[in-house]
Amino acid sequence: MRRIILASTSPRRRELLTQLIGDNFQVIPSAYNELMVEGLDPASRVLQHALEKGRDVAAKYPDSVIIAADTGISCGGKFLGKPAGKEDAISMLGMMSGRTVEVLTGIVVIDSENGIEESDIISTQVEMTNLSREEIIAYVKTGEPMGKAGAFAIQGLGAVLVEKIEGDFCNVVGLPLFRLSQMLKNKGVDVFGLMQADA
Ligand SMILES: Cc1cn([C@H]2C[C@H](O)[C@@H](COP(=O)(O)OP(=O)(O)OP(=O)(O)O)O2)c(=O)[nH]c1=O
């Protein structure tokens with residue numbers, strides 16, 4: 001079975017990929033600095049970041065299947081990434097309060113044996129509830145917003161902020177598992193077969 005590598009530092013992405021293929025992968029973070037790409041629209045930005053992360057690891061690990069992703073929020077066309085600190089998190093959540101935002105994940109699967117890349121941008125519409133400043137400050141004080149695009153975690157306490165979504169839930173967390181399963185199949189990775197081996 002080909003070596004599968006998740007090019008990510010995200011514990012959430014690791015958990016999501018485990019849901020799909022068990023422990024049949026290695027985690028090797030990319031050395032790519034996400035700050036390097038500027039001036040792109042939100043969708044192009046997450047795609048470019050995902051591609052750069054995947055290519056960085058693919059160059060170091062031949063004969064593998066490399067998975068990389070990048071998630072951001074488009075709020076009225078403005079890109080929101082991970083908050084720089086508590087004040088930034090408060091500002092982001094205030095901006096999103098009562099609005100429908102677009103969570104965008106750029107996803108890439110690279111066959112580092114032949115260099116063939118497959119990539120996509122998956123969008124989930126997320127309707128945020130109205131939040132008072134007191135609620136926002138209380139949520140930020142839990143610490144959950146840090147390290148999360150848009151300063152919330154839908155899979156955690158952040159569920160309280162989300163009235164409804166339209167699209168893939170896993171995509172909001174950080175890996176669009178349905179689309180990823182299709183991309184892995186195109187690279188000869190049979191997720192059902194892998195999980196049978198683990199059963
Ligand atoms: C919107 C949202 C994001 N997130 C997290 C997933 C990602 O870890 C993070 C998105 O930021 P990213 O910059 O995409 O990912 P990362 O820096 O955490 O990890 P890496 O680049 O090494 O893959 O936000 C949630 O956990 N829940 C959510 O609801």
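**Helix packing and ligand surroundings**

In the predicted model, Leu16, Leu17, Gln19 and Leu20 of helix 1 are in contact with Leu177, Leu180, Ser181 and Leu184 of helix 6. By class, this contact between helix 1 and helix 6 comprises 6 nonpolar and 2 polar residues, with no charged residues. Helix 1 spans residues 11-21 and helix 6 spans residues 177-186; their axes come within 11 Å and cross at roughly 55 degrees. Helix 1 is therefore oblique to helix 6. The crossing of helix 1 past helix 6 is right-handed.

A second helix pair is formed by helix 3 (residues 86-96) and helix 4 (residues 133-141), whose axes come within 10 Å and cross at roughly 135 degrees. These two helices are therefore oblique to each other, and helix 3 passes helix 4 in a right-handed crossing. On the helix 3 side, Lys86, Ala89, Ile90, Leu93 and Gly94 take part, meeting Arg133, Ile136, Ile137, Tyr139 and Val140 of helix 4. The contact of helix 3 with helix 4 contains 7 nonpolar residues, 1 polar residue and 2 charged residues.

The ligand is surrounded by 20 residues, of which Ser8, Thr9, Arg13, Lys53 and Lys82 are the closest. Polar contacts with the ligand involve both side-chain and backbone atoms. A polar side-chain atom of glutamine 155 lies 2.9 Å from a nitrogen atom of the ligand. For aspartate 70, a polar side-chain atom is found 3.4 Å from a ligand oxygen atom. Phenylalanine 152 contributes a polar backbone atom, which is 3.4 Å from an oxygen atom of the ligand.

Conventions:
Residues are numbered from 1 along each chain as its sequence is written. This is a predicted model: local features need pLDDT of at least 70, side-chain atom pairs count only at pLDDT 80 or more; totals for chains, interfaces and linings use all residues. Side-chain values use heavy atoms; hydrogens and water are left out. Axes are lines fitted to C-alpha atoms, for helices over the stretch in contact, and angles run from 0 to 180 degrees between N-to-C directions. Helices (H or I, at least four residues) and strands (E, at least two) are DSSP runs, numbered from the N terminus. Angles under 35 degrees count as roughly parallel, over 145 as roughly antiparallel, 65 to 115 as roughly perpendicular and the rest as oblique. A crossing is left-handed if the near helix is turned anticlockwise from the far one by less than a right angle, and right-handed if clockwise. Contact means heavy atoms within 4.5 Å. Ala, Val, Leu, Ile, Met, Phe, Trp, Tyr, Cys and Pro count as nonpolar, Asp, Glu, Lys and Arg as charged, and the others, Gly among them, as polar. A residue is near a molecule or strand if one of its heavy atoms lies within 4 Å of it. A polar contact is a pair of N or O atoms within 3.5 Å; within protein, one must be able to donate a hydrogen and the other to accept it, and residues adjacent in sequence count only if both atoms are side-chain atoms.
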